[in-house]
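This report looks at charged side chains and how they pair. The sequence and the structure come first, and the notes follow.

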Amino acid sequence: MNIIWNSSEDKPKADKPTNSVLPEGTYTAEIVKSVARQSQFDNVKTPDNPEGWEWSLWLDVHENGTRYRVFDSIAVTRISRINEVLRATGRPELRPGKDHRVDETSLEGETVRIRVYISKAGKPRVGEYMKAEAAPSKPAKTKVQVDDIPF
């Protein structure tokens, strides 16, 4: 058997998210997957949403060298929650009677802040979406005159 080195098929596996639970708190997260799908659960199906459409978000949080994955599903009838996500990503909110569609995949790669709580089932859940904080800027350098030095 001949071994073929440096093949494009021989790629290192991506680091998998940890199985440990992300503690409650506020974190910076990246939206790694954003899709519309039909929920398998009956509690999402309502007279206004009989097919159970929801927006499924996969968020990665990197904390202390560990990657945690948090999942969130938002029924398409929860406009206030959808607007919260849109605001957090810097996109305009949906307008009543005007907007009937969101390009959910365009949010992949966006960074947001999330407040995480632990559900009764022991899983991390998103309580709130917030705009990601801008990176702290370095203080501006000031020019000092040599004759301004008091010693």
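## E54 and its partner

E54 has a relative accessible area of 5%, so this residue counts as buried, the cut-off being under 20%. The model is a predicted one. The side chain of E54 meets that of R37 in a salt bridge, with 3.0 Å from N to O. R37 has a relative accessible area of 38% and is partly exposed, whereas E54 is buried.

The pair links distant parts of the chain. R37 belongs to strand β1, which covers residues 25-38, and E54 to strand β2, which covers residues 53-63. The two residues are 17 residues apart.

## Salt bridges in the structure

How many salt bridges does the structure hold? There are nine. Side chains of opposite charge can pair when their charged atoms come close.

One of these pairs is D60 with R67, whose side chains meet in a salt bridge at 3.4 Å, N to O. Is D60 buried or exposed? With a relative accessibility of 4%, D60 counts as buried. R67 is buried as well, at a relative accessible area of 15%.

## R81, D72 and a network

A further salt bridge joins the side chains of R81 and D72, with an N to O distance of 3.1 Å. R81 has a relative accessible area of 9% and is buried. D72, at 8% relative accessibility, also counts as buried.

Which residues are joined into one network by salt bridges that share partners? They are D60, R67 and R69. Within this network, D60 and R67 are the residues whose side chains meet at 3.4 Å, N to O.

## T26 in strand β1

T26 is found in strand β1, the strand that also holds R37. What is the relative accessibility of T26? The value is 40%, so T26 counts as partly exposed, because buried means under 20% and exposed means over 50%.

Which residues does T26 touch, leaving aside those up to four places away in sequence? The contacts are R113, I114, R115 and M130. How far apart are T26 and Y117 in sequence and in space? They are separated by 91 residues in sequence and by 9.1 Å in space, taken from C-alpha to C-alpha.

Note on methods
Residues numbered from 1 in each chain as written. Predicted model: local features only at pLDDT ≥ 70, side-chain atom pairs only at ≥ 80, totals over all residues. Heavy atoms only, no water. Salt bridge = Lys/Arg side-chain N within 4 Å of Asp/Glu carboxyl O. Helix = DSSP H or I, 4+ residues; strand = E, 2+ residues; numbered from the N terminus. Buried < 20%, exposed > 50% of the residue type's maximum accessible area, 1.4 Å probe, protein only. Contact = heavy atoms within 4.5 Å.
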